[in-house]
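Got your viewer open? Load the model below and follow along, one selection at a time.

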Amino acid sequence: MPASSLATPPMHDHAFPAEVLTTSKLIYFSSASGYTHRFVGKLGLECARIPLLNHEPHLVAAEPYVLLLPTYGGEKGERSIPPQVVKFLNDARNRNLLRGVIGAGNTNFGTTYCLAAIKIAAKCSVPLLYKFELMGTPEDVTRVREGLEVFWTRKSQYLK
């Protein structure tokens, strides 16, 4: 048998690990529309994406992080938090390392604008750091990037 064949593990039905650990300080969720994904890409920061599909490995935070997410559900606000985010935060390891929330939304939905971020911040007793509309403006990108830098600098100084 050639040596190269020994280096490749056999493929099984369970080729994906059940969990993936991340040390990213920014964890985000983006739906299939990709608005939030495009915004996060403009930040140029290391980040991790909460899986969109159930068969993908469960993401587990290994370090404190800020969560960035859109709001679902339209005008009434029911089911405003994406179910994938609910699953992610139902893991105590993830919930315990959450340090802040950034919300994406659509002002057309009035009082439910960024409601998912507002609800999570309140329920997890962390600050709502910023809100932006849809894919955000260049100013939103700059404010979030600089704001996260200041946020983590202050957090590290506080811990010293």
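Before selecting anything, a working rule: rings of Phe, Tyr and Trp (its six-membered ring) pair if their centres lie within 6.5 Å, with planes under 30 degrees apart counting as stacked and over 60 as edge-to-face. Keep in mind that this is a predicted model.

**Stop 1: aromatic pairs**

By that rule, the whole structure holds 4 aromatic pairs. Select Phe39 and Phe132: the ring centres are 3.9 Å apart and the planes sit at 15 degrees, so this pair is stacked. Now colour by secondary structure. Phe39 belongs to helix 2 (residues 35–43) and Phe132 to strand 7 (residues 128–133), so the pair ties together parts 93 residues apart in sequence. Switch on a surface and Phe39 should vanish, being buried at 0% relative accessible area; Phe132 is buried too, at 1% relative accessibility.

Next, pick Phe151 and Trp152. Their pairing is edge-to-face, 5.1 Å from centre to centre with 75 degrees between the planes. Phe151 counts as buried at 13% relative accessibility, and Trp152 counts as buried at 15%. Leave Trp152 on screen and add Lys25, which lies over the face of Trp152 at 4.4 Å from the ring centre.

**Stop 2: the sheet**

Go to cartoon view and find the open sheet of 5 strands, ordered 3-2-5-6-7 with parallel pairing. Strand 3 (48–49) and strand 7 are the edges, each pairing on one side only. Zoom in on strand 5 (residues 65–70) and strand 6 (residues 98–105), a parallel pair with 6 bridges. To land on one bridge, select Leu68 and its partner in strand 6, Ile102.

Now bring in the helices. Helix 3 (residues 83–90) packs on the sheet and touches strand 2 (26–28), strand 5 and strand 6, its direction making about 160 degrees with that of strand 5. Helix 5 (residues 115–124) lies across strand 5, strand 6 and strand 7, at about 165 degrees to strand 6.

**Stop 3: the cores**

Which residues have the most contacts inside the largest nonpolar core? Select Ile27, Tyr65 and Leu67; the core itself has 20 residues. Strand 4 (58–61), strand 5, helix 3, strand 6 and helix 5 each supply at least two of them, and helix 5 gives the largest share, 4 residues. Centre on Leu67 and show its neighbours: among those it touches are Ile27, Ile50, Val85, Leu89 and Ile120.

Last selection: Tyr28, Ala104, Tyr130 and Leu148, which are included in a second, separate core of 16 residues.

Key:
Residues numbered from 1 in each chain as written. Predicted model: local features only at pLDDT ≥ 70, side-chain atom pairs only at ≥ 80, totals over all residues. Heavy atoms only, no water. Helix = DSSP H or I, 4+ residues; strand = E, 2+ residues; numbered from the N terminus. Buried < 20%, exposed > 50% of the residue type's maximum accessible area, 1.4 Å probe, protein only. Lys NZ or Arg CZ within 6 Å of the ring centre and 35° of its normal. Pairing = 2+ DSSP bridges. Contact = heavy atoms within 4.5 Å. Axes fitted to C-alpha atoms, helices over the stretch in contact; angles between N-to-C directions. Core = buried A, V, L, I, M, F, W, Y, C linked by side-chain atoms within 4.5 Å. Lists of a residue's contacts leave out its neighbours within four places in sequence.
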